[in-house]
Amino acid sequence: MRIDVVSIFPEYLAALDLSLIGKARLQGLLELSVEDLRRYTTDRHRTVDDTPYGGGAGMVMKPEPWALALEDVLERGAAAPGPAAPGAGTPPGERPVLVVPSPAGEVFTQAVARELAEREHLVFACGRYEGIDERVVDWARERFEVRPMSLGDYVLNGGEVAVLAMVEAIGRLVPGVIGNPESLVEESHSDGLLEYPVYTKPALWRDRPVPEVLLSGHHGRIARWRRDLQLRRTAARRPDLVAALDPAALDRADRAV
Ligand SMILES: Nc1cc(-c2ccc3cc[nH]c3c2)n[nH]1
């Protein structure tokens, strides 16, 4: 998978050099490039914003630097086949996905992360100020699958924090990035439920014992206890997820424990 990020604060994305994502890059499982949007300005002051048509507070990001940056990303992505196999760049017919963080986007969920983890080339456009001139999104639709994406119903000052979260959520699903794929199976939202509570040594900590069932060695009882906690937690904290559960899938999972 190839990931390109365009931002006026490229240093914000330095965290992607660390930990699992950084290791995956060194292993060649992920190609990741961060570009400074100001590289694509043509004036002395490297201007990326201007006043909004129609008035209103704040500034809007100018369209031309974005178009030049995204054209460059396309050219480099087409030229650089993926690391996994020669010629493994974006398969013919599959356009790169342009993810545009926005409070007005579709909500980014684990299901969206799983969907995007299957794609060969992801491009993230980090807006700032009051956002990017809308014509960039229209122009980009001829060249990308454009996905305005919200991290949740709260307002950030720009797209960078959202991109850090999305790249981590997507990158960890790419085969080989997580050492033990088993750990991807029983995590929150993998089956529509919140994850169960976890415990480790010591068995008694500040007068607080580990639930006895977890010390029993009885795997069937442990699995049922964990499933019960998942259901209780989800009902208590996220009734919206309970409403969205597929009863048949829930029943299959319950019969499996
Ligand atoms: N979920 C969410 C995304 C954002 C966001 C994304 C990009 C920009 C650019 C300027 N302000 C922004 C805010 N806020 N909240």
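Reader: Where is Pro 202 found, and what makes a stretch a helix or a strand here?

Author: Pro 202 sits in the loop between α5 (160–171) and β8 (204–205). Helices and strands are DSSP runs (H or I, at least four residues, for a helix; E, at least two, for a strand), numbered from the N terminus. The run 204–205 is called a strand because at least two residues are enough. This is a predicted model, with local features needing pLDDT of at least 70 and side-chain atom pairs pLDDT 80 or more, while totals for chains, interfaces and linings use all residues. Residues are numbered from 1 along each chain as its sequence is written, and side-chain values use heavy atoms, without hydrogens and water.

Reader: What is the peptide bond from Lys 201 to Pro 202 like, cis or trans?

Author: That bond is cis, with omega near 5 degrees.

Reader: What about Ser 19: is its phi positive or negative?

Author: Positive, about 50 degrees, although Ser 19 is not a glycine. Ser 19 belongs to helix α1 (residues 19–26).

Reader: Which residues come nearest to the ligand?

Author: Tyr 129, Leu 151, Gly 152, Tyr 154 and Leu 156, out of 15 residues around the ligand. A residue counts as near if one of its heavy atoms lies within 4 Å. Strand β5 (residues 97–107) gives the most to this shell, with three residues.

Reader: Why is the pair between Leu 156 and the ligand called a polar contact?

Author: A polar backbone atom of Leu 156 is 2.9 Å from a ligand nitrogen. The cut-off for a pair of N or O atoms is within 3.5 Å, so this pair qualifies. A backbone N or O atom of Gly 152 lies 3.2 Å from a ligand nitrogen, and a polar side-chain atom of Ser 150 also lies 3.2 Å from a nitrogen atom of the ligand.

Reader: How is the chain divided into domains?

Author: Into domain 1 (2–181) and domain 2 (193–256), with C-alpha centres 36 Å apart. The bounds come from an automatic or database domain assignment.

Technical notes: Polar contact = N/O pair within 3.5 Å; in protein donor to acceptor, adjacent residues only side chain to side chain.
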